[in-house]
Amino acid sequence: MSKRIFVFWCVFFTGQGLLAQDMGFNPDGIEPQTSPFRKFMTNFSFNFQIGYGRTFYTHDIPQLAILRNNGALLLTDDVNPGVDNPISAYRYWLNDPQLINTTFNEDDRLVSSDSTTLRMVGRGHNMPITLSLHYTIKERFRIGGGATFEFHNISRVGPKSGDTLGTYESNFGTTLHRRFFGLAGYRFLAFRNLSYVAEVRAGSFNLGNDYNSELIQKGLFFDVGVSIERHLSEYFRVTLRPSIELKNYTINFPDTEIALQHKMVTPYVSLGASYSIPELRRCPIKSCHIQINHVHGGKEYRSRRHPFYKKQNPNYGENYPQLFRYKGKNKRRL
Ligand SMILES: [Zn+2]
């Protein structure tokens, strides 16, 4: 048994030594050591994304009638009011239902659900900013979590069929949504410097102060997307993430048994950047011009001649792919 372990360690260390020699310039011939802590840390990626999305709200309104009253789109359970009679109805039923007493005028309209279910659809605009952190396992799997802060407004809500009722007026302009989530991903494709990662996010959401949290019950949100990642260097990537998010909430109308469920479906496109802590420390010698991973005093360093977004361990000349004599005005002298 102990012989086996001995062989294992021999192979392990020789392999390590060879790898380090292959990777860079080692004038001292000493086996470099990489800190296990940095090796662990380099699996973490920090991500920033900014995006755009459109939310489609749908609501089934089974028990209520839609009332157009003085241009506003209200909901009422009084399905048979007389002209010039008082009527109670709810306004701002998407985010903060309030009961108001008004009069049913001659040019008002009322559409009751009868046997069919009334369906309203609405649209919202979203601008999310997401910060996340994930840990990569065996280069393919990732787990992590993050937070999204999102500016949201509702542009239009109206009945699904026919436009004669007019549209819902929201009582807020832009509101701030917040989401906290866990994420899991799987890299299903990688070629050249591109990776494709299927990624799922799930977590809690907060619709902001304009949505009356005392009246709202909500579950979790789910987001499914593909993160397309272009590797600019070993440590820096730019990302493009199309995704679709599903969530819903139920809003209880005050002083009644009425509750309305709102479904929100939001397709997004996000752009971002992703950074990992380099496995090797940057060479500390200011005058050092070595362009590949290399060794000083038994420790391996990465080149200090590359910004973090450029490949750190290029083959010869990759930092300057064009010869100086072919550049700019030198070109004309040829
Ligand atoms: Zn150096």
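Begin by selecting strand S3, residues 72-76, in this predicted model: four of its five residues are buried, so the strand is largely enclosed by the rest of the structure. Burial here is a matter of counting neighbours, a residue being called buried if 20 or more other C-beta atoms lie within 10 Å of its own.

Next, add strand S2, residues 65-69, to the selection, and follow the antiparallel pairing that joins S2 to S3 over five bridges. Within this pair, Ile66 is the residue that stands opposite Leu75 of S3. Where the chain turns from one strand to the other, the hairpin has two residues between the strands, and Asn70 takes a positive phi near 50°.

Now centre the view on Leu75 and display its contacts, leaving aside residues up to four places away in sequence: Leu75 touches Ile61, Leu64, Ile66, Ala89, Tyr90 and Trp93.

From Leu75, widen the selection to the largest nonpolar core, which has 23 residues, and in which Leu74, Leu75, Ala89 and Val157 are those with the most contacts inside the core. Among the elements that give two or more residues to this core are S2 and S3, together with strand S1 (44-61), strand S4 (86-91) and strand S8 (141-159), while strands S13 (236-252) and S14 (259-276) also belong to that list.

Finally, zoom out to the whole protein chain, whose secondary structure comes to three helices and 17 strands. Of its 334 residues, 28% count as buried, and, among contacts with a separation of 6 or more, 59% are accounted for by residues 24 or more positions apart.

Terms used: Residues numbered from 1 in each chain as written. Predicted model: local features only at pLDDT ≥ 70, side-chain atom pairs only at ≥ 80, totals over all residues. Buried ≥ 20, exposed ≤ 12 C-beta atoms within 10 Å, placed from the backbone. Pairing = 2+ DSSP bridges. Contact = placed C-beta atoms within 7 Å. Core = buried A, V, L, I, M, F, W, Y, C linked by C-beta atoms within 7 Å.
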